[in-house]
Amino acid sequence: MSKRENLKRLLAPRHLAFIGGRSMARALKRCAEGGYQGQLWLVNPQHAQLEGVPCVASVADLPCGPDAVFIATNRELTLSTVAELAAKGAGGAICYASGFAETGAEGQALQNQLLDAAGDMALLGPNCYGLLDYLHGAALWPVAHGGKPVDKGVAVLTQSGNFAYNLSMSDRSLPVAYMASVGNQAQLGVAELMDVLLDEPRVTAIGLHLEGLKNVPGFARAAHKALEKGIPIIALKTGVSQIGAELALSHTSSLAGSDALYDSLFERLGVIRVSGPVSFVETLKAAACGNLPAGGDLIALACSGGDAGLIADYAERNGLQLPKLGDRQRGELAEVLPGYANIANPLDFTTAIWGDREALDRMLDSALRSAADAALLVLDYPGEATGERPQCDLLLELYCAALARHGKTGFVASAFPELLPASARERLHAQGVAALQGVEDGLAAWGRIALYRQRRQALLARGESKRVPLGPQELGGAGEWLDEWQSKQALRAFGLPVPQGVLSTPQRALQDAETLGYPLVLKAVSAQLPHKTEAGAVALNLRDAPALQNALEQMRQRIAEYAPRVAFDQVLLERMASPPLAELIVGVKREAGFGLALVLGAGGILVELLKDSRSLLLPTNDAAIRDALLSLRSAPLLNGFRGRPAADLEALVTAIRAVADYACENAERLLELDVNPLLVSADGAVAVDALIRLGQPGRH
């Protein structure tokens, strides 16, 4: 069987084997107690039974190759056991042992041996907690866990076993179909698991707890598949790292750290990024039922003015709209609610009708007779000792029934996270209604899901999510810088506008200037001067021959002081550009794992100060370039500002695409590229400076 088919066996196992000691006997018993219906075996050569579980002496003595195996032995025994399982025809194995690639070169060599031993058998780990499968009751897990069987739910993939353990124990009623700790991802990583999990119709959303991705192109393909299926992906990305500007010669590298590239990747694929464990769980809960809202319009219900005020504030903050009630709704609600009720959206229906089944039903029918995309009920349960919980249960029963009658998606949120008890959450989830804990976190979660549904169609229509990021090999060494003239000519061949100019020498400059015409710009040309301004190698707005002669003499002296070994033997003369509407930087950065990223931002001398930039993974398209430009904080300069003309946006996009096209064509060699500044005007754009660094394929 192929690895993919064996992975499917691992995720829907007919039989399980646990290899190890007493902890594995307890793990096997937890599976049986959790409702697993298939055959279970405990493999241990030293004992006839452990914890009352009979043992099989060896892998060879098993009646068949198990679909799924948990191996809890030391790393040396793990290697031989994996080879025996592969020979037996096992589907997949969890390797719990550590001491592999995470420990260095020796461990990496052992990990390579582990992969060879596995062959086509699916392998999760090593150095991982394992796999919790609540669809089939298969807990390939070394310790206790807090989940329970579900008919459908979310799949959670994490690089932290402790995060998975704690999530399983959390009191949030998140319906988990699968939870996998991926460990070293020697064979099966996030991308491979996502791809197969998306074929399981009972998986309603995927949650990712990531430090980084090992297979960005594979992840992009799987995430596009999720987007096509309408399965939201929620990512909690940790390990944020920015590459220091002092480590890079180009401005582009200082703008586009790896975390910015994750943002770019997630944005083009519709991945919902969250900031912490609570937002991770609540957003997954909002998506778990599979009934996603068509948009961000909300009809909201509360029984107090304070809760209604919170709803209004948090809805606006999270891009959710609260459309006004219609005249008919207002009239009907006025008939059933007291005169002091605030008949608006959000609706404060007061406690006057609390516990009155008929009045609550009339109120719900009137409120839910709305074109809003979804409904919200804010409800906090009192302590059980009060005896008042039955009235809350009644309201939930009537609310769920009204949602079904009106065919409306809905959710419930409590103002305080702890005041929506597990019994209420489970009842709501059983009826496809998200039970969110905390109105602030709940509305933030719902806002993310509503935005996902809206953006999904736009992303699919634009087609950018189909474009798998380039994955060229890494290039080592410092590489070779092209000088400004060479860089501009290379980019000009792909359609980037550059100023009219001529490559000259200090001796011939005056003669060439007469042909070119004044005013002009003088620049020293040398690949050893990547930043010419600091070296005094640029002179602007030279209006006549004496000014040019003086600039040549001063430039020679400044370069001799700044970089004595750099020869002043070539100069570039260009026509002086008109004052622009804006200055941009357009660059390309090579990042391990991602390939190439196009970076757009505010340019010129303010590039490092403003840090106003957006990153797009290559390849990209015109629509994505345009959206990135318009999302800059400096975008008003492009649209026309205080009577200034607007930039020729189409010409600007075409110029930037020329840079992207050059980068894609030279992906195997390009290390980095800067166009800074790109001068933007009402008539188009022109690159007045450019810098390219190339490496040699195969040199690491």
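Here is a walk through a predicted model, from its nonpolar cores to a helix, a pocket and two cavities.

Let's start on the inside. The largest nonpolar core has 111 residues, and the ones that touch the most other members are Phe 18, Met 194, Leu 208, Phe 219 and Phe 280. Helix α16, running over residues 439-462, gives the most to this core, with 8 residues. There is also a second core, separate from that one, made of 43 residues, among them Leu 596, Ala 628, Ala 647 and Ile 656.

Pick out Leu 208 for a closer look. Leaving aside residues up to four places away in sequence, Leu 208 touches Leu 157, Val 190, Met 194, Phe 219, Ile 233, Ile 234, Ala 235, Leu 236 and Phe 280.

Phe 280 takes us to helix α10, where Phe 280 is one of the buried residues. Also buried there are Ser 279, Val 281, Glu 282, Thr 283, Leu 284, Lys 285, Ala 286, Ala 287 and Ala 288. Since 10 of the 12 residues of α10 are buried, the helix is largely enclosed by the rest of the structure. What about its length? At 1.5 Å a residue, the 12 residues of α10 should span 16 Å, and the C-alpha atoms at its ends are indeed 16 Å apart, so the two agree. After the helix comes Gly 290, with a positive phi near 85°.

Helix α10 also turns up in the wall of the second largest pocket: α5 (161-169), β11 (176-181), α10 (277-288) and α15 (422-430) each supply at least two residues of its lining. The largest share, 5 residues, comes from α15. This pocket has a volume of about 590 Å³. Its lining counts 29 residues, and Val 150, Ser 173, Leu 174, Pro 175 and Glu 426 lie nearest the centre. By type, the lining residues are 13 nonpolar, 8 polar and 8 charged.

Finally, the cavities. The structure holds 2 of them at 30 Å³ or more. The largest cavity contains about 50 Å³ of space, and its lining includes Leu 482, Asp 483, Glu 484, Pro 530 and Leu 691. That lining splits into 8 nonpolar, 1 polar and 3 charged residues.

The second largest cavity has a volume of about 40 Å³. Among the residues lining this cavity are Ala 223, Leu 227, Ile 233, Val 271 and Tyr 452. Helix α7 (residues 216-229) gives the most to the lining, with 3 residues. Here the lining has 8 nonpolar residues, 1 polar and no charged. Ile 233, by the way, is a residue you have already met, as one of those touched by Leu 208.

Key: Residues numbered from 1 in each chain as written. Predicted model: local features only at pLDDT ≥ 70, side-chain atom pairs only at ≥ 80, totals over all residues. Heavy atoms only, no water. 1 Å grid on protein atoms, 1.4 Å probe; cavity = no way out; pocket = protein on both sides within 12 Å on 5 of 7 lines; lining within 4 Å. Points joined across faces, edges and corners; volume = space filled by probe spheres on them. Helix = DSSP H or I, 4+ residues; strand = E, 2+ residues; numbered from the N terminus. Nonpolar A, V, L, I, M, F, W, Y, C, P; charged D, E, K, R; others polar. Expected span 1.5 Å × (residues − 1). Buried < 20%, exposed > 50% of the residue type's maximum accessible area, 1.4 Å probe, protein only. Core = buried A, V, L, I, M, F, W, Y, C linked by side-chain atoms within 4.5 Å. Contact = heavy atoms within 4.5 Å.
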